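Trainee: I want to understand the labels people put on residues. Can we go through some on a real example?
Mentor: Yes. Here is the example.

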Amino acid sequence: MSVFTMNPGPVTLDVVGQELNAEDRRRILHPLTGGVILFGRNFVNRQQLTKLTSEIKKLRPDALISIDHEGGRVQRCKTDGFTHLPAMRKLGELWGAQSKSSHTAESAVLAMAAATACGYVLAAELRACGVDFSFTPVLDLDFGRSGVIGDRSFSRDPQIVFALAKSLNEGLRLGGMANCGKHFPGHGWAEADSHVAIPVDERSLPEILNDDAKPYEWLDLSLAAVMPAHVIYPKVDKHPAGFSKIWLHSILRQELGFEGVIFSDDLSMEGASVAGSVVHGAEMALDAGCDAVLICNRPDLADQLLAKLKVKKAKQSESATRLNRLMPKTTTLSWDELQKEAEYQHAKGLLKQMKLIV
């Protein structure tokens with residue numbers, strides 16, 4: 001029986017394979033652990049995924065089980081009945097499909113309806129297998145410069161990104177799942193991929209706030225969580241956004257009034273290397289304003305973090321309160337029950353009708 005009572009720590013980490021081993025269990029039970037993130041290697045089929053999430057919850061009922069599941073090329077579960085959702089650019093294209101005709105308003109409405117359906121299907125299918133949360137939607141603007149963002153973005157237009165993201169977030173909410181806007185304030189302009197390089201965006205603060213950051217401002221209370229970019233904006237701060245008090249505290253918290261959860265991006269990525277060791281990086285991120293830090297694909301670094309990270313009790317308590325708000329509040333349907341649900345059938349039918357899924 002777990003002794004943890006909804007007091008998650010700040011570390012979100014992954015597990016090695018398709019079932020928990022002894023080392024996974026040890027890490028998950030550590031009081032600094034607050035979440036588990038799953039990857040494609042952790043998925044074989046629905047039965048196996050459901051068993052894995054159940055094992056995690058038995059160990060730590062307070063752990064948020066998360067995944068990167070956006071649609072398009074970033075979708076960890078694609079087989080055994082999971083709907084292969086479209087890349088978000090497809091929704092942006094649907095919005096503008098009739099932009100030169102008199103039916104622009106109609107195409108925008110259809111795109112928003114499709115976004116809501118995508119969010120609902122995404123959330124409902126994951127939750128039926130015990131996954132609590134997905135790091136979606138991408139709010140980056142598509143400047144045609146960033147290969148790592150590319151078709152993950154809804155559009156170059158921040159108003160379209162806002163409208164479609166808000167619609168997708170509503171679908172997630174209807175499916176019982178919170179949302180996470182990423183990568184604040186915007187990764188669309190920087191060409192380098194922060195997984196393997198240190199991206200730099202030389203634009204001024206007003207340029208970024210009046211363009212890339214607008215969806216964050218407009219989404220306001222409907223945004224439950226935010227993930228900052230491992231991008232350096234040298235005209236604002238020498239540190240990447242995820243390690244910057246200017247970006248996270250002064251701008252995101254104070255100027256934009258964001259009160260939800262701030263997750264760091266993966267601390268094992270090259271874009272985080274400027275912060276030094278994984279422990280120093282985590283401390284910098286938490287000090288800058290993050291509530292939780294991710295460490296993925298490096299169990300050795302996860303062990304370092306759990307052994308050496310120091311967290312202020314007041315900070316951990318405040319962050320734990322925020323993290324608990326991301327936990328699903330509604331009853332989870334089984335997969336078989338979900339297939340018979342009218343709302344789910346309607347959402348999938350709509351996406352098929354629009355030729356967004358097969």
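Mentor: Start with a cut-off: a residue is exposed when its relative accessible area is over 50%, and buried when it is under 20%. Keep in mind that this model is predicted.

Trainee: Why is Ala314 called exposed?
Mentor: Its relative accessibility is 61%. The cut-off is over 50%, so Ala314 counts as exposed. Ala314 sits in helix α11, residues 313–324.

Trainee: What makes Asp80 partly exposed?
Mentor: The relative accessible area of Asp80 is 34%. Partly exposed lies between the limits of 20% and 50%, so Asp80 gets that label. Asp80 is in the loop between β5 and α3.

Trainee: And why is Lys355 called exposed?
Mentor: Lys355 has a relative accessible area of 75%. Exposed means over 50%, so the label fits Lys355. Lys355 belongs to the segment after α13.

Trainee: What is notable about the phi of Asp80?
Mentor: Phi of Asp80 is positive, about 55°, and Asp80 is not a glycine. Lys355 also has a positive phi, near 60°. Most residues other than glycine have a negative phi.

Trainee: What kind of peptide bond runs from Lys182 to His183?
Mentor: That bond is cis, with omega near 5°. His183 lies in strand β7, residues 181–184. The bond from Phe184 to Pro185 is cis too, with omega near -5°. Pro185 is in the loop between β7 and α6. Most peptide bonds are trans.

Notes:
Residues numbered from 1 in each chain as written. Predicted model: local features only at pLDDT ≥ 70, side-chain atom pairs only at ≥ 80, totals over all residues. Heavy atoms only, no water. Helix = DSSP H or I, 4+ residues; strand = E, 2+ residues; numbered from the N terminus. Buried < 20%, exposed > 50% of the residue type's maximum accessible area, 1.4 Å probe, protein only.
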